[in-house]
Amino acid sequence: MTRTGIRLKAPAPGWTVDADVVVVGSGVAGLTAALRCTAAGLRTVVVTKARLDDGSTRWAQGGIAAALGDGDTPEQHLDDTLVAGAGLCDEEAVRALVTEGPDAVRRLIDTGALFDTDPESGVIQLTREGGHHRRRIAHAGGDATGAEISRALVEAVRLASVRTIENALVLDLLTDADGRTAGVTLHVMGEGQHDGVGAVLAPAVVLATGGMGQVFSATTNPSVSTGDGVALALRAGAEVSDLEFVQFHPTVLFLGADAEGQQPLVSEAVRGEGAHLVDADGVRFMLGQHELAELAPRDIVAKGIMRRMREQGAEHMYLDARHFGAAMWESRFPTILAACRSHGIDPVTDPIPVAPAAHYASGGVRTDLHGRTTVPGLYACGEVACTGVHGANRLASNSLLEGLVFAERIAEDIAAHPASPGPAVRGEEAPGPLLDPATRIEIQRIMTAGAGVLRSAESLDHAATALEALYRSAAAEADHRDGGDTGDGDGAKDAEPGVDAWEATNLLLVSRVLVAAARAREETRGCHWREDRPDRDDDWRRHLVVRLTPDRTLAVHRTATASFPPVGPGPVPAQREQ
C-alpha cells in the first residue's frame, strides 16, 4: 500500500463515535454487512448519505439472479456470467458468487424479503434477462425488487438496533501511524444527534457506497451516486481496477437529447418477458446480431441500438411490448408503467422510446475474495467494489447477488480477524483543491461527450485535457488563496468546504481515473467500446489497476494475467505510467 497523505479540505472533526466496524452505505451490500457484523457481536455503525432507504438498491427493478429453479445449476449461472464478462471475470470470484448465491437469497428471504411467488404452488416466480440462458431472476412487486429488498433490510437493521448516522457524506479514511484503517471522517447534513464534521473511529471500514453514474449527464443512478467511495479509497492509497467498464443500460426511457440527471429505467425483464426492440419502421434489428437477440448481454444490445441509431440518424429506438396487454403491464410492471405514463407514454398502446444511459460501474475498489482492499482494514462490497465477478460487463441481475454474497464474506472475515490499530493520525500534507459546485455539470458534459457509450483516442484525449484543465484551474486558485503562484486563475475556482464542493471534487477524481483507464485500453471489450480500436485484442485480456500517487498524479499498470494479484502484504508491482 502507498500512503498518499491526500485528503479533502474540511474542518477538523468536532465529535467522535467509537465502533468495531463502520459500514458506509445503506444498500443491499451495506445493510447485509451491518446485520452480519452485528450478529457476530461487533459494535457496528452504519453511515449513509441520505436516509437509510435512499440508496441505489431501491431503484433496482429486474431482480436478483440465482440458480433457484428446477434444472438450473450454479455451473450454468457461472457459464453465463463468464460469457458476459468478456474474458475478464475472475473465475474463482464468480464461482463463489454462484455457489453461495442461492443460500444467500434464502437468508434474505428469512430476513423478511417477499419475492413474487406462484399463487398456487407458492414457488418463487423466475424470469429471464439478457445473457441468461435460463429463467433465474427472482423479483418482487413485479418490477420493484430493489424497493422490497431495501424495505426488508432497513426493517431488520432497525429491529437489531444497529446504530445509524443518516444524511452523512463520508469524507476520508483515517489511518494509524502504520497506515492501518482507524475509521472515517464524515459530514452530517441537517438535524440529528450529530452535525457538521465528525469521525467514526473503528478498526474496520466497509465501503458500500454504490456507484458513480453521476459522472455522466444522463444516468439511471440517483443524485447521491457521485463516486464518493472510490474517491475516498484512492486518496487513502487503495487501488482501483476496471473503471473503464461502465455499463450503459440499453433501454432507458428517452426523454430528449438534452435530458440530464437520473432517467427512468425500463428493466431488462420487460425484454425477458417478450418485448421487442424495433426501429421507427417496426423492424426488429437485434435479430441475427446474436443468438439471444434482444436478450443478448447488455453491451451487445447497447451497441446494437447505437449502431441502428447512427445508421438511421435517429435519437432513439423503441421497445415494443404492446402485445402484453393492459393486465400484464399492470400486474408485472406497474412501476415502469407508471413512469412511462407520467411522461406521456402509454406502453399498452405505444412503443416506448429508449436509448442507452450510464447504469453500472463494473469496476471499482480492487478487493480479494473476502472484500479486503489493498489498505489494511478497509473493505469494499457492492457497486463500489471490483471483486472480479463482473469482468468487462456485468451480467444482468448479478449486482444484488454480489452485494449479498460478498457482504457476508466481509462480515465473516472481520469477525475472524479482529484488529487493534493505533491512534488515528492526519497527514501533514495540505489538502487538495476543492472544485466549485458549478463544475459538476461541466464534468458530466465532458464525460458524456468523451467517454460515453462510443469512445475513441480523440474523444478520450479531449476529455482528459478538459478534466486536467478543471483540476489545474482549481489548484491555481487554491494556490492563490494560500499566497502562492496564481497561474491564470481562469475556469474552475477553489471552493469553500461543503457537500456540493466535496461531491464535485470526488466526481472529478473518479472521472480522471475512468478516462485514464479508457485511454490505456486500446481495444473494444465488453462495455468499453473504442471506435478506433473496434476489435477485441487478447493481449489486453488483463486488468488495468490505477492508484493515486502522493503528488496527485495517476499511476496505471496492467496486470500480468486476467487474475488479480493479491491485496495483502508483499511487494507492490512496478507501476507504469500511461
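**Exercise 1. A cysteine and its surroundings**

Does C340 count as buried or exposed, and at what relative accessibility?

*Solution.* The model is a predicted one. Start with the cut-off: buried means under 20% relative accessible area. C340 has 1% relative accessibility, so C340 counts as buried.

**Exercise 2. Cysteines and disulfides**

Work out how many disulfides the structure holds, and where C89 stands.

*Solution.* Step one: the count of disulfides is zero. Step two: look at C89. The nearest cysteine sulfur belongs to C386 and is 9.9 Å away. A disulfide needs two cysteine sulfur atoms within 2.5 Å. C89 is therefore in no disulfide. Step three: check accessibility. C89 has 10% relative accessibility, so C89 counts as buried.

**Exercise 3. The buried side of helix 2**

Find which residues of helix 2 are buried, and explain why they are on the same side.

*Solution.* Helix 2 runs over residues 74–84. Its buried residues are H77, L78, D80, T81 and A84. Around the axis they cover an arc of only 165 degrees, which puts them on the same side of helix 2. A general rule helps here. An α-helix has 3.6 residues a turn, so residues three or four places apart point the same way.

Next, ask what covers these buried residues. The cover includes strand 4 (64–65), helix 3 (91–111) and helix 10 (398–416). Finally, look past the end. A86 follows helix 2 and has a positive phi, near 55 degrees.

**Exercise 4. Two nonpolar cores**

Describe the largest nonpolar core, then trace the contacts of L186.

*Solution.* The largest nonpolar core has 100 residues. Those touching the most other members are I165, L186, V200, L207, V270, W329 and M447. Helix 13 (residues 499–520) gives the most to this core: twelve residues.

Now take L186. Set aside its neighbours within four places in sequence. Among the residues then in contact with L186 are W15, V47, I165, A168 and V200. Another core, of 51 residues, lies apart from the largest one. Its members include L42, L78, L108 and A407.

**Exercise 5. A hairpin**

Show how strand 22 and strand 23 pair, and say why strand 23 is largely enclosed.

*Solution.* Strand 22 covers residues 544–548. Strand 23 covers residues 554–558. The two pair in the antiparallel sense, over five bridges. L548 stands opposite L554 in strand 23. Five residues sit between the strands of this hairpin, and R552 takes a positive phi near 70 degrees. Last step: four of the five residues of strand 23 are buried, so the rest of the structure largely encloses this strand.

Note on methods
Residues are numbered from 1 along each chain as its sequence is written. This is a predicted model: local features need pLDDT of at least 70, side-chain atom pairs count only at pLDDT 80 or more; totals for chains, interfaces and linings use all residues. Side-chain values use heavy atoms; hydrogens and water are left out. Buried means under 20% relative accessible area, exposed over 50%, partly exposed in between (1.4 Å probe, protein chains only). The arc is that of the directions from the helix axis to the C-beta atoms. Contact means heavy atoms within 4.5 Å. A nonpolar core is a set of buried Ala, Val, Leu, Ile, Met, Phe, Trp, Tyr and Cys residues joined through side-chain atoms within 4.5 Å. Two strands pair if DSSP finds at least two bridges between them.
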